[in-house]
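Please look at the sequence and the structure shown here. The report after them deals with one helix and two pockets.

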Amino acid sequence: MRIALLPLDERPVNLRLPGQVAAIAGVPLVTPSNELLPVMRDPGNADELAEWLRATASEVDASVVSLDMLGYGGLIGSRTSADPTDSVARRLGVLTDIRHHHPDLSVSAVTTVMRASRSYSPAEEPLYWSRHGVELHDLGAALHREFLGESHDRSGLEEAIPADVRADFWLRRMRNHAMDLYAIELAGRGALDLLAITADDTAPRAAGSLEQLWLRHWVSVSGAAERVLMYPGADEVGSVLVARAIAAAAGVRPRIAVRFCEAGGAERIAPYENVPIADGVARQIRAAGGSSVEDLDQADTVLVVHAPEPDGEENGAAAEVARQVSELIRDGRAVAVADVRRPNGSDPILIRYLAEAGVLDQLRAYGGWNTAGNTVGSVVAAVVAHTAGERLGT
(Lines give C-alpha, C1' and ligand atoms only; values in the text may rest on other atoms or scores of the structure.)
Protein backbone atom coordinates (compact mmCIF):
# COMPACT_ATOMS: atom_id res chain seq x y z
CA MET A 1 0.00 0.00 0.00
CA ARG A 2 0.93 3.68 -0.25
CA ILE A 3 -0.13 6.44 2.12
CA ALA A 4 -0.25 10.18 1.39
CA LEU A 5 0.68 12.40 4.34
CA LEU A 6 -0.04 16.12 4.53
CA PRO A 7 2.03 16.85 7.64
CA LEU A 8 1.39 19.31 10.45
CA ASP A 9 4.52 21.25 9.50
CA GLU A 10 8.02 20.78 8.13
CA ARG A 11 9.79 19.68 11.35
CA PRO A 12 11.31 16.18 11.23
CA VAL A 13 8.95 14.85 13.89
CA ASN A 14 6.00 15.66 11.61
CA LEU A 15 7.59 15.02 8.23
CA ARG A 16 10.08 12.18 8.87
CA LEU A 17 8.88 10.28 11.94
CA PRO A 18 5.60 9.15 10.30
CA GLY A 19 7.68 7.71 7.45
CA GLN A 20 9.90 5.89 9.94
CA VAL A 21 6.83 4.45 11.65
CA ALA A 22 5.47 3.33 8.27
CA ALA A 23 8.84 1.75 7.46
CA ILE A 24 8.42 -0.58 10.48
CA ALA A 25 5.66 -2.23 8.46
CA GLY A 26 7.41 -1.79 5.11
CA VAL A 27 4.93 0.81 3.85
CA PRO A 28 6.04 3.81 1.72
CA LEU A 29 4.80 7.31 2.53
CA VAL A 30 4.11 10.02 -0.07
CA THR A 31 4.63 13.64 1.07
CA PRO A 32 4.52 17.05 -0.66
CA SER A 33 7.67 18.60 -2.09
CA ASN A 34 9.62 20.82 0.29
CA GLU A 35 8.87 23.86 -1.87
CA LEU A 36 5.21 23.70 -0.83
CA LEU A 37 5.87 23.31 2.90
CA PRO A 38 6.33 26.03 5.52
CA VAL A 39 9.63 27.23 6.90
CA MET A 40 9.05 28.22 10.52
CA ARG A 41 6.91 31.40 10.45
CA ASP A 42 6.62 31.43 6.65
CA PRO A 43 3.50 29.34 5.91
CA GLY A 44 3.30 26.70 3.21
CA ASN A 45 1.36 27.24 0.00
CA ALA A 46 -2.02 26.07 1.27
CA ASP A 47 -3.82 26.39 -2.08
CA GLU A 48 -1.21 24.29 -3.91
CA LEU A 49 -1.14 21.79 -1.05
CA ALA A 50 -4.90 21.36 -1.46
CA GLU A 51 -4.36 20.58 -5.15
CA TRP A 52 -1.52 18.17 -4.27
CA LEU A 53 -3.86 16.32 -1.92
CA ARG A 54 -6.53 16.12 -4.61
CA ALA A 55 -4.05 14.86 -7.21
CA THR A 56 -2.53 12.15 -4.98
CA ALA A 57 -5.93 10.72 -4.03
CA SER A 58 -5.94 8.52 -7.13
CA GLU A 59 -2.42 7.23 -6.45
CA VAL A 60 -2.64 6.06 -2.82
CA ASP A 61 -4.64 3.71 -0.61
CA ALA A 62 -5.04 6.14 2.30
CA SER A 63 -4.60 9.84 3.05
CA VAL A 64 -3.59 11.35 6.39
CA VAL A 65 -4.30 15.07 6.52
CA SER A 66 -3.33 17.87 8.87
CA LEU A 67 -6.14 20.41 8.59
CA ASP A 68 -3.78 23.07 9.97
CA MET A 69 -1.51 22.52 6.97
CA LEU A 70 -4.41 22.29 4.52
CA GLY A 71 -6.20 25.34 5.86
CA TYR A 72 -3.41 27.68 6.93
CA GLY A 73 -0.13 26.32 5.56
CA GLY A 74 1.03 24.75 8.84
CA LEU A 75 0.72 24.84 12.60
CA ILE A 76 2.35 28.23 13.09
CA GLY A 77 0.32 29.59 10.21
CA SER A 78 -2.86 28.53 12.01
CA ARG A 79 -1.89 30.89 14.85
CA THR A 80 -0.39 33.78 12.89
CA SER A 81 -1.99 33.99 9.42
CA ALA A 82 -4.61 36.57 8.49
CA ASP A 83 -6.40 34.20 6.07
CA PRO A 84 -10.16 34.83 6.22
CA THR A 85 -12.56 32.10 7.25
CA ASP A 86 -14.02 31.61 3.77
CA SER A 87 -10.57 30.99 2.25
CA VAL A 88 -9.73 28.39 4.89
CA ALA A 89 -13.11 26.70 4.46
CA ARG A 90 -12.63 26.52 0.69
CA ARG A 91 -9.34 24.66 1.15
CA LEU A 92 -10.85 22.22 3.63
CA GLY A 93 -13.68 21.66 1.19
CA VAL A 94 -11.33 19.70 -1.07
CA LEU A 95 -11.92 16.77 1.30
CA THR A 96 -15.57 16.64 0.24
CA ASP A 97 -14.47 16.55 -3.41
CA ILE A 98 -12.00 13.75 -2.69
CA ARG A 99 -14.69 11.69 -0.96
CA HIS A 100 -17.04 12.22 -3.91
CA HIS A 101 -14.50 11.08 -6.52
CA HIS A 102 -12.75 8.42 -4.38
CA PRO A 103 -15.43 6.93 -2.12
CA ASP A 104 -13.26 3.96 -1.09
CA LEU A 105 -10.19 6.00 -0.11
CA SER A 106 -9.43 5.97 3.62
CA VAL A 107 -9.11 9.59 4.79
CA SER A 108 -8.20 10.52 8.36
CA ALA A 109 -7.47 14.03 9.57
CA VAL A 110 -6.33 16.02 12.57
CA THR A 111 -7.14 19.56 13.63
CA THR A 112 -5.30 21.23 16.50
CA VAL A 113 -7.23 23.47 18.87
CA MET A 114 -5.43 26.82 18.87
CA ARG A 115 -3.13 27.09 21.85
CA ALA A 116 -2.41 30.11 24.06
CA SER A 117 1.09 29.51 25.33
CA ARG A 118 1.76 30.88 28.83
CA SER A 119 4.98 32.61 27.84
CA TYR A 120 6.32 35.80 26.33
CA SER A 121 7.86 34.03 23.35
CA PRO A 122 6.51 35.20 19.96
CA ALA A 123 8.50 32.59 18.00
CA GLU A 124 5.37 30.61 17.09
CA GLU A 125 2.68 33.15 18.00
CA PRO A 126 1.52 36.62 16.88
CA LEU A 127 4.22 39.20 17.61
CA TYR A 128 2.22 40.80 20.43
CA TRP A 129 2.92 37.64 22.43
CA SER A 130 6.26 39.15 23.48
CA ARG A 131 4.34 41.75 25.54
CA HIS A 132 1.06 40.10 26.47
CA GLY A 133 1.43 36.31 26.10
CA VAL A 134 1.09 35.33 29.76
CA GLU A 135 -1.83 37.69 30.27
CA LEU A 136 -3.63 36.36 27.18
CA HIS A 137 -3.24 32.80 28.44
CA ASP A 138 -4.55 33.84 31.86
CA LEU A 139 -7.47 35.70 30.23
CA GLY A 140 -8.49 32.51 28.42
CA ALA A 141 -8.29 30.59 31.70
CA ALA A 142 -10.43 33.26 33.41
CA LEU A 143 -13.07 33.00 30.67
CA HIS A 144 -13.12 29.20 31.15
CA ARG A 145 -13.58 29.64 34.92
CA GLU A 146 -16.34 32.19 34.36
CA PHE A 147 -18.14 29.77 32.05
CA LEU A 148 -17.95 27.08 34.75
CA GLY A 149 -19.15 29.43 37.48
CA GLU A 150 -15.76 29.48 39.22
CA SER A 151 -13.94 32.45 40.74
CA HIS A 152 -12.02 34.49 38.14
CA ASP A 153 -10.43 37.88 37.40
CA ARG A 154 -11.42 38.48 33.81
CA SER A 155 -12.00 42.24 34.05
CA GLY A 156 -8.60 42.91 35.63
CA LEU A 157 -6.85 40.96 32.90
CA GLU A 158 -8.79 42.72 30.16
CA GLU A 159 -7.67 46.09 31.53
CA ALA A 160 -4.03 44.94 31.31
CA ILE A 161 -4.25 44.02 27.60
CA PRO A 162 -4.80 46.62 24.84
CA ALA A 163 -8.22 46.40 23.20
CA ASP A 164 -6.82 45.80 19.70
CA VAL A 165 -4.70 42.90 20.96
CA ARG A 166 -7.68 41.34 22.74
CA ALA A 167 -9.83 41.74 19.63
CA ASP A 168 -7.26 40.08 17.37
CA PHE A 169 -6.75 37.25 19.86
CA TRP A 170 -10.47 36.45 20.12
CA LEU A 171 -11.28 36.93 16.42
CA ARG A 172 -8.37 34.67 15.47
CA ARG A 173 -9.65 32.02 17.88
CA MET A 174 -13.18 32.45 16.53
CA ARG A 175 -12.00 31.72 12.98
CA ASN A 176 -10.11 28.61 14.06
CA HIS A 177 -13.02 27.43 16.22
CA ALA A 178 -15.37 27.80 13.25
CA MET A 179 -13.02 25.64 11.19
CA ASP A 180 -12.90 23.02 13.95
CA LEU A 181 -16.70 22.93 13.81
CA TYR A 182 -16.51 22.56 10.03
CA ALA A 183 -14.13 19.63 10.49
CA ILE A 184 -16.70 17.95 12.75
CA GLU A 185 -19.29 18.45 10.00
CA LEU A 186 -16.93 16.85 7.46
CA ALA A 187 -16.58 13.84 9.76
CA GLY A 188 -20.30 13.68 10.45
CA ARG A 189 -21.15 13.72 6.73
CA GLY A 190 -18.61 10.98 5.97
CA ALA A 191 -15.90 12.98 4.19
CA LEU A 192 -13.53 11.82 6.95
CA ASP A 193 -13.24 8.30 8.31
CA LEU A 194 -11.67 9.69 11.49
CA LEU A 195 -11.10 13.18 12.87
CA ALA A 196 -8.67 13.69 15.74
CA ILE A 197 -9.17 16.99 17.58
CA THR A 198 -6.00 17.49 19.58
CA ALA A 199 -4.55 20.23 21.76
CA ASP A 200 -0.94 21.08 22.56
CA ASP A 201 0.51 23.25 25.32
CA THR A 202 -2.78 23.53 27.18
CA ALA A 203 -4.01 23.37 30.78
CA PRO A 204 -7.11 22.24 32.70
CA ARG A 205 -8.36 25.86 32.55
CA ALA A 206 -7.58 27.59 29.24
CA ALA A 207 -9.27 29.15 26.22
CA GLY A 208 -8.64 25.98 24.22
CA SER A 209 -9.96 23.73 26.97
CA LEU A 210 -13.20 25.75 27.02
CA GLU A 211 -13.47 25.48 23.24
CA GLN A 212 -13.10 21.72 23.56
CA LEU A 213 -16.19 21.69 25.81
CA TRP A 214 -18.16 23.40 23.04
CA LEU A 215 -16.72 21.09 20.37
CA ARG A 216 -17.52 18.03 22.47
CA HIS A 217 -21.15 19.16 22.65
CA TRP A 218 -21.47 19.32 18.86
CA VAL A 219 -19.71 15.99 18.41
CA SER A 220 -22.27 14.43 20.75
CA VAL A 221 -25.46 15.92 19.35
CA SER A 222 -24.42 15.59 15.68
CA GLY A 223 -23.93 11.84 15.89
CA ALA A 224 -20.28 12.16 14.85
CA ALA A 225 -18.86 10.58 18.01
CA GLU A 226 -17.89 7.34 16.26
CA ARG A 227 -15.67 9.29 13.87
CA VAL A 228 -14.21 11.92 16.24
CA LEU A 229 -11.65 11.63 19.03
CA MET A 230 -10.46 14.49 21.25
CA TYR A 231 -7.31 14.34 23.39
CA PRO A 232 -4.00 16.15 24.17
CA GLY A 233 -1.33 15.96 21.48
CA ALA A 234 -0.12 17.40 18.18
CA ASP A 235 3.31 16.39 16.88
CA GLU A 236 2.65 12.65 17.18
CA VAL A 237 -0.70 12.55 15.38
CA GLY A 238 0.72 12.09 11.88
CA SER A 239 2.49 8.94 13.04
CA VAL A 240 -0.60 7.73 14.90
CA LEU A 241 -2.90 8.10 11.90
CA VAL A 242 -0.34 6.54 9.55
CA ALA A 243 -0.18 3.53 11.88
CA ARG A 244 -3.98 3.42 11.90
CA ALA A 245 -4.10 3.27 8.10
CA ILE A 246 -1.53 0.47 8.02
CA ALA A 247 -3.40 -1.56 10.66
CA ALA A 248 -6.64 -1.20 8.68
CA ALA A 249 -4.93 -2.39 5.50
CA ALA A 250 -3.49 -5.38 7.38
CA GLY A 251 -6.91 -6.22 8.80
CA VAL A 252 -5.68 -6.08 12.40
CA ARG A 253 -6.68 -4.19 15.51
CA PRO A 254 -3.59 -4.51 17.71
CA ARG A 255 -4.40 -5.30 21.32
CA ILE A 256 -2.51 -3.24 23.89
CA ALA A 257 -2.51 -3.82 27.65
CA VAL A 258 -1.63 -0.67 29.61
CA ARG A 259 0.16 -0.85 32.93
CA PHE A 260 0.88 1.95 35.43
CA CYS A 261 3.41 0.97 38.05
CA GLU A 262 2.55 3.32 40.92
CA ALA A 263 -0.62 4.09 42.83
CA GLY A 264 -2.42 7.15 41.51
CA GLY A 265 -0.22 7.43 38.42
CA ALA A 266 -3.06 6.87 35.96
CA GLU A 267 -5.09 9.78 37.35
CA ARG A 268 -2.36 12.43 37.15
CA ILE A 269 -2.55 15.20 34.58
CA ALA A 270 0.77 15.79 32.83
CA PRO A 271 2.16 19.31 32.33
CA TYR A 272 0.71 21.12 29.27
CA GLU A 273 -2.31 18.78 29.19
CA ASN A 274 -5.88 18.83 30.49
CA VAL A 275 -7.00 15.22 31.04
CA PRO A 276 -5.68 12.35 33.22
CA ILE A 277 -2.85 10.48 31.52
CA ALA A 278 -4.86 7.23 31.45
CA ASP A 279 -7.56 8.92 29.35
CA GLY A 280 -4.98 10.24 26.91
CA VAL A 281 -3.38 6.81 26.56
CA ALA A 282 -6.73 5.12 25.87
CA ARG A 283 -7.63 7.66 23.18
CA GLN A 284 -4.20 7.43 21.55
CA ILE A 285 -4.61 3.66 21.29
CA ARG A 286 -8.03 4.04 19.70
CA ALA A 287 -6.78 6.74 17.30
CA ALA A 288 -3.98 4.43 16.14
CA GLY A 289 -6.45 1.67 15.33
CA GLY A 290 -5.66 -0.42 18.38
CA SER A 291 -7.78 -1.74 21.23
CA SER A 292 -7.18 -1.67 24.97
CA VAL A 293 -7.27 -5.01 26.79
CA GLU A 294 -6.78 -5.97 30.43
CA ASP A 295 -5.62 -9.58 30.06
CA LEU A 296 -1.89 -9.82 29.32
CA ASP A 297 -2.43 -13.13 27.55
CA GLN A 298 -4.67 -11.41 25.02
CA ALA A 299 -2.30 -8.51 24.37
CA ASP A 300 0.02 -8.13 21.39
CA THR A 301 2.00 -5.56 23.39
CA VAL A 302 2.15 -4.41 27.00
CA LEU A 303 2.51 -0.63 27.24
CA VAL A 304 4.16 0.35 30.52
CA VAL A 305 3.62 4.02 31.38
CA HIS A 306 6.14 5.82 33.61
CA ALA A 307 3.52 8.21 35.01
CA PRO A 308 3.87 11.99 35.45
CA GLU A 309 5.76 13.03 38.55
CA PRO A 310 3.56 13.61 41.62
CA ASP A 311 3.73 17.26 42.69
CA GLY A 312 7.14 17.66 41.10
CA GLU A 313 8.81 15.20 43.47
CA GLU A 314 10.65 11.98 42.62
CA ASN A 315 9.31 9.03 44.63
CA GLY A 316 11.45 6.14 43.44
CA ALA A 317 8.97 4.93 40.83
CA ALA A 318 11.68 4.39 38.19
CA ALA A 319 13.01 1.32 39.98
CA GLU A 320 9.54 -0.24 40.08
CA VAL A 321 8.93 0.51 36.40
CA ALA A 322 12.23 -1.14 35.47
CA ARG A 323 11.45 -4.15 37.68
CA GLN A 324 8.04 -4.69 36.09
CA VAL A 325 9.39 -4.20 32.57
CA SER A 326 12.13 -6.75 33.22
CA GLU A 327 9.64 -9.23 34.64
CA LEU A 328 7.29 -8.86 31.67
CA ILE A 329 10.13 -9.40 29.21
CA ARG A 330 11.34 -12.47 31.13
CA ASP A 331 7.79 -13.81 30.82
CA GLY A 332 8.02 -13.52 27.04
CA ARG A 333 5.83 -10.41 26.66
CA ALA A 334 6.36 -7.76 24.02
CA VAL A 335 6.86 -4.56 26.00
CA ALA A 336 6.89 -0.84 25.13
CA VAL A 337 7.60 2.04 27.49
CA ALA A 338 6.04 5.51 27.44
CA ASP A 339 8.23 7.65 29.68
CA VAL A 340 6.10 10.68 30.56
CA ARG A 341 7.69 11.37 33.94
CA ARG A 342 8.65 14.89 32.87
CA PRO A 343 8.11 16.93 29.70
CA ASN A 344 10.83 17.53 27.12
CA GLY A 345 12.96 14.47 27.81
CA SER A 346 13.34 11.03 29.28
CA ASP A 347 13.88 10.09 32.92
CA PRO A 348 17.62 9.31 33.09
CA ILE A 349 17.11 7.30 36.28
CA LEU A 350 14.71 4.95 34.49
CA ILE A 351 17.05 4.63 31.52
CA ARG A 352 19.91 3.66 33.84
CA TYR A 353 17.80 1.02 35.57
CA LEU A 354 16.62 -0.45 32.26
CA ALA A 355 20.20 -0.54 30.99
CA GLU A 356 21.46 -2.20 34.15
CA ALA A 357 18.68 -4.79 33.83
CA GLY A 358 19.81 -5.53 30.27
CA VAL A 359 16.39 -4.95 28.71
CA LEU A 360 16.78 -1.70 26.75
CA ASP A 361 17.41 -3.48 23.45
CA GLN A 362 14.53 -5.86 24.10
CA LEU A 363 11.84 -3.17 24.21
CA ARG A 364 9.47 -3.13 21.25
CA ALA A 365 9.31 0.67 21.47
CA TYR A 366 10.32 3.51 23.77
CA GLY A 367 9.50 7.21 23.89
CA GLY A 368 10.40 10.06 26.21
CA TRP A 369 10.18 13.49 24.56
CA ASN A 370 8.23 16.78 24.57
CA THR A 371 4.68 16.40 25.97
CA ALA A 372 3.06 13.26 27.37
CA GLY A 373 0.74 13.07 24.37
CA ASN A 374 3.67 13.25 21.96
CA THR A 375 5.47 10.46 23.80
CA VAL A 376 2.47 8.15 24.18
CA GLY A 377 1.29 8.59 20.59
CA SER A 378 4.67 7.89 19.02
CA VAL A 379 5.13 4.73 21.13
CA VAL A 380 1.62 3.50 20.35
CA ALA A 381 2.14 4.19 16.63
CA ALA A 382 5.33 2.14 16.61
CA VAL A 383 3.80 -0.91 18.29
CA VAL A 384 0.70 -0.79 16.07
CA ALA A 385 2.90 -0.63 12.96
CA HIS A 386 4.94 -3.56 14.33
CA THR A 387 1.87 -5.74 14.83
CA ALA A 388 0.51 -4.81 11.40
CA GLY A 389 3.88 -5.53 9.79
CA GLU A 390 3.89 -8.97 11.38
CA ARG A 391 0.46 -9.68 9.89
CA LEU A 392 1.55 -8.37 6.48
CA GLY A 393 4.83 -10.28 6.60
CA THR A 394 6.75 -7.08 6.01
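What follows describes a predicted model, beginning with helix α11 and then turning to the pockets.

## Helix α11

Helix α11 covers residues 207–222, 16 residues in total. From its first C-alpha to its last the helix reaches 23 Å, close to the 22 Å expected at 1.5 Å a residue. Just after α11 comes Gly223, which takes a positive phi of about 80°.

The buried residues of α11 are Ala207, Gly208, Ser209, Leu210, Glu211, Gln212, Leu215 and Val219. An α-helix has 3.6 residues a turn, so residues three or four places apart point the same way. Leu215 and Val219 are both among the buried residues.

## What α11 packs against

The buried residues of α11 pack against two helices, α8 (129–148) and α10 (163–188). They also pack against the strands β4 (106–113), β5 (194–199) and β6 (228–232).

## The second largest pocket

The second largest pocket holds about 160 Å³ of space. Its lining consists of His144, Leu148, Pro204, Arg205, Ser209, Gln212, Leu213, Arg216, Asn274 and Val275. Two or more of the lining residues come from each of α8 and α11, and α11 gives the most, with 4 residues. By class, the lining has 4 nonpolar, 4 polar and 2 charged residues.

Ser209 and Gln212 belong to this lining and are also buried residues of α11.

## The largest pocket

The largest pocket has a volume of about 380 Å³. It is lined by 20 residues, and Arg115, Asp200, Asp201, Asn370 and Thr371 lie nearest its centre. The lining is made up of 8 charged, 7 polar and 5 nonpolar residues.

Conventions. Residues are numbered from 1 along each chain as its sequence is written. This is a predicted model: local features need pLDDT of at least 70, side-chain atom pairs count only at pLDDT 80 or more; totals for chains, interfaces and linings use all residues. Side-chain values use heavy atoms; hydrogens and water are left out. The expected span of a helix is 1.5 Å times one less than its number of residues. Buried means under 20% relative accessible area, exposed over 50%, partly exposed in between (1.4 Å probe, protein chains only). Contact means heavy atoms within 4.5 Å. On a 1 Å grid over the protein atoms alone, a cavity is a set of points where a 1.4 Å probe fits but cannot get out, and a pocket is an open set with protein on both sides within 12 Å along at least five of seven lines; lining residues have an atom within 4 Å of a point. Grid points are joined across faces, edges and corners, and a volume is the space filled by probe spheres set on the points. Ala, Val, Leu, Ile, Met, Phe, Trp, Tyr, Cys and Pro count as nonpolar, Asp, Glu, Lys and Arg as charged, and the others, Gly among them, as polar.
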